[in-house]
Every structure is written in C-alpha cells, then in structure tokens.
Amino acid sequence: MVRRKENKKFNLIKLIGLLLFACGMFMIVYNYSTKVKLDENNDTKIEEFFDDDNTPQVEEQKEEKQENTTTSKVTNYNYIAVLEIPSINLKRGLVDPSSKYNNVNYNIQIIDKSSMPDVVNGNLILASHNGASFGSFFKNLYKLNNNDKVYVYYNGYKYEYSISKIYDTSKDGHIEVYRDNQKTTITLITCKKNTKDTQTVYIGYLTNKVAY
C-alpha cells in the first residue's frame with residue numbers, strides 16, 4: 001500500500017515535470033519565432049524606408065486600418081528614421097513619436113520632448129529594453145565604448161555621431177542627461193546589464209552629416 005502511494009506520487013511529480021518542460025519549450029519556440037518575424041518585418045520596413053519617402057501621415061492611416069484586424073506584435077507601421085550601430089550589429093527603424101507603436105514594448109522608443117537629428121544642438125533620446133526577450137533591441141548596448149559610431153538616417157541624410165560619455169543612473173522614473181547643450185546629441189538609454197535598479201546612459205555628439 002505504501003509502495004503504491006509512493007509510485008502515484010512519483011508519477012504525479014513526473015507528469016508535472018513533463019508539463020513544465022513542455023511549457024518551457026513552447027515559450028522558447030514562441031519567443032524565437034516571434035523574434036524571427038520581428039527581424040524580417042524590420043528588414044522589410046528598412047528597405048521600404050530607403051526606397052520610398054514614407055511620411056508619418058501614411059503610417060498613421062495604415063495603423064488605423066490594422067488596429068481592428070490584428071493583435072500581433074508584427075504590425076504594418078512605417079519607419080521615419082533608421083538607427084544603425086555597426087559595432088553591435090544593430091540596425092533598427094524608428095516610428096513617428098506620435099505613433100502608439102513608439103513604445104519600448106514594440107520598438108526602440110523616441111522619448112517625449114526629443115529633437116530629431118536635423119535640429120541644431122537638439123537631443124534625440126532613444127530607449128529600449130535590455131534582456132533576453134524579443135523586444136530587447138538594446139541588449140548589446142553594454143558593448144559600446146567611447147568613440148564608437150552611431151548613425152541615424154533621417155529625411156535623406158545620414159547623421160554620424162560618436163559616443164563621448166557613458167554613465168549609470170538610478171532607475172527611478174527620472175533620467176538625468178548630462179550633455180553639452182551646444183552640440184547636436186544622441187542619447188541612448190537602457191537598463192544596466194544584470195541589474196534591476198540601474199540604467200546606463202550613452203551620450204554621442206554629431207560629427208558628420210551626409211546625404212544618402
């Protein structure tokens with residue numbers, strides 16, 4: 001009788017273990033397939049960005065049409081700019097700041113009150129997740145060093161920035177940006193690797209601007 005109870009308990013534990021393993025495998029496959037779709041969609045939209053003159057108005061119209069027909073994270077928005085950081089193999093589009101997809105849960109987010117690259121002495125502030133999820137576009141930002149190049153393609157021009165300052169700050173809902181206000185700037189923000197209460201800020205200054 002005791003042995004029978006032990007066998008039932010063992011079988012139950014075994015079943016629970018198999019279910020947990022199956023759930024884990026499902027999440028791995030789901031995250032991987034979602035990341036592949038996001039990457040493919042990003043590549044397509046970047047090609048469209050360089051081929052066509054997409055405008056925020058066109059983007060918003062497409063978003064309204066898609067809103068009631070899909071709940072997928074892979075949506076039909078257009079890019080108004082493209083961010084490229086060769087040293088960490090990152091090339092990702094940016095959506096219009098007024099778009100609902102301008103959110104870290106969908107894309108690299110253009111932070112409110114940012115200036116686009118064509119504003120002299122302005123500051124383009126971008127934020128994204130750092131982690132293992134498919135939306136962690138800044139997961140390799142920690143590899144950046146001073147003098148690394150950052151490019152933003154916007155309105156027919158390629159803006160070249162050089163990273164000049166990297167510092168940590170508390171993750172308390174408020175970011176202190178220390179920069180030279182007399183220089184056109186890009187600011188990149190993400191959580192510090194392997195922490196939950198600290199963010200890292202990367203400051204880059206414009207060094208060149210060429211038509212593409």
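Two strands count as paired if DSSP finds at least two bridges between them. Keep that in mind as we walk through this structure, which is a predicted model. Strands S5 and S6 meet the requirement, with 6 bridges joining them in an antiparallel arrangement. They form a hairpin with 2 residues between the strands, and in the turn Asn155 has a positive phi of about 50°. If you would like a landmark within this pairing, look for Lys149, which stands opposite Ser162 in S6.

On to another partner of S5. Strand S1 is joined to S5 by 4 bridges, and these two strands also run antiparallel. Here Leu83 stands opposite Val152 in S5. How much of S5 is buried? The count is 5 of its 6 residues, so the strand is largely enclosed by the rest of the structure.

That brings us to the interior. In soluble globular proteins, nonpolar side chains tend to be buried together. In this model the largest nonpolar core has 25 residues, and those with the most contacts inside it are Leu83, Ile85, Leu126, Ile186 and Leu188. Several strands each supply at least two residues of this core: S1 (81–85), S2 (90–94), S4 (123–127), S5 (149–154), S6 (157–170) and S7 (185–191). A second, separate core has 9 residues, including Phe49, Tyr77, Tyr79 and Tyr151.

Leu83 is a good place to pause and look around. Which residues is Leu83 in contact with, leaving aside its neighbours within four places in sequence? Among them are Leu90, Ile108, Leu126, Phe138 and Ile186. Val150, Tyr151 and Val152 are also in contact with Leu83, as are Lys91 and Arg92.

Now let us turn to charged side chains. How many salt bridges does a search of the whole structure find? It finds 3. One of the pairs is Lys45 and Glu48, whose closest N and O atoms are 3.2 Å apart. These two residues are 3 residues apart in helix H1 (residues 2–51), which means that about one helical turn separates them. Lys45 is buried, with a relative accessible area of 4%, whereas Glu48 is partly exposed at 26%.

Another salt bridge takes us back to the hairpin, where Lys149 is bridged to Glu160 with the closest N and O atoms 3.7 Å apart. This pair links distant parts of the chain, with Lys149 in strand S5 and Glu160 in strand S6, 11 residues apart. Lys149 has a relative accessible area of 30%, so it counts as partly exposed.

Lys192 and Asp168 also form a salt bridge, their closest N and O atoms being 2.8 Å apart. Again, distant parts of the chain are linked: Lys192 is in the loop between S7 and strand S8 (198–211), while Asp168 is in strand S6, 24 residues away. Both ends are partly exposed, Lys192 with a relative accessible area of 34% and Asp168 with 39%.

Finally, return to helix H1 for a look at the surface. Leu12 lies in this helix. Together with Leu15, Ile16, Leu19 and Leu20, Leu12 forms a nonpolar patch on the surface, and the accessible area of the five residues adds up to about 500 Å².

Conventions
Residues are numbered from 1 along each chain as its sequence is written. This is a predicted model: local features need pLDDT of at least 70, side-chain atom pairs count only at pLDDT 80 or more; totals for chains, interfaces and linings use all residues. Side-chain values use heavy atoms; hydrogens and water are left out. A nonpolar core is a set of buried Ala, Val, Leu, Ile, Met, Phe, Trp, Tyr and Cys residues joined through side-chain atoms within 4.5 Å. Buried means under 20% relative accessible area, exposed over 50%, partly exposed in between (1.4 Å probe, protein chains only). Contact means heavy atoms within 4.5 Å. A salt bridge is a side-chain nitrogen of Lys or Arg within 4 Å of a carboxyl oxygen of Asp or Glu. Patches are made of residues with over 30% relative accessible area and no salt bridge: like charges are joined within 9 Å, nonpolar side chains (Val, Leu, Ile, Met, Phe, Trp, Tyr) within 5 Å. Accessible areas come from the Shrake-Rupley method with a 1.4 Å probe; for residues, only the protein chains shown count as cover.
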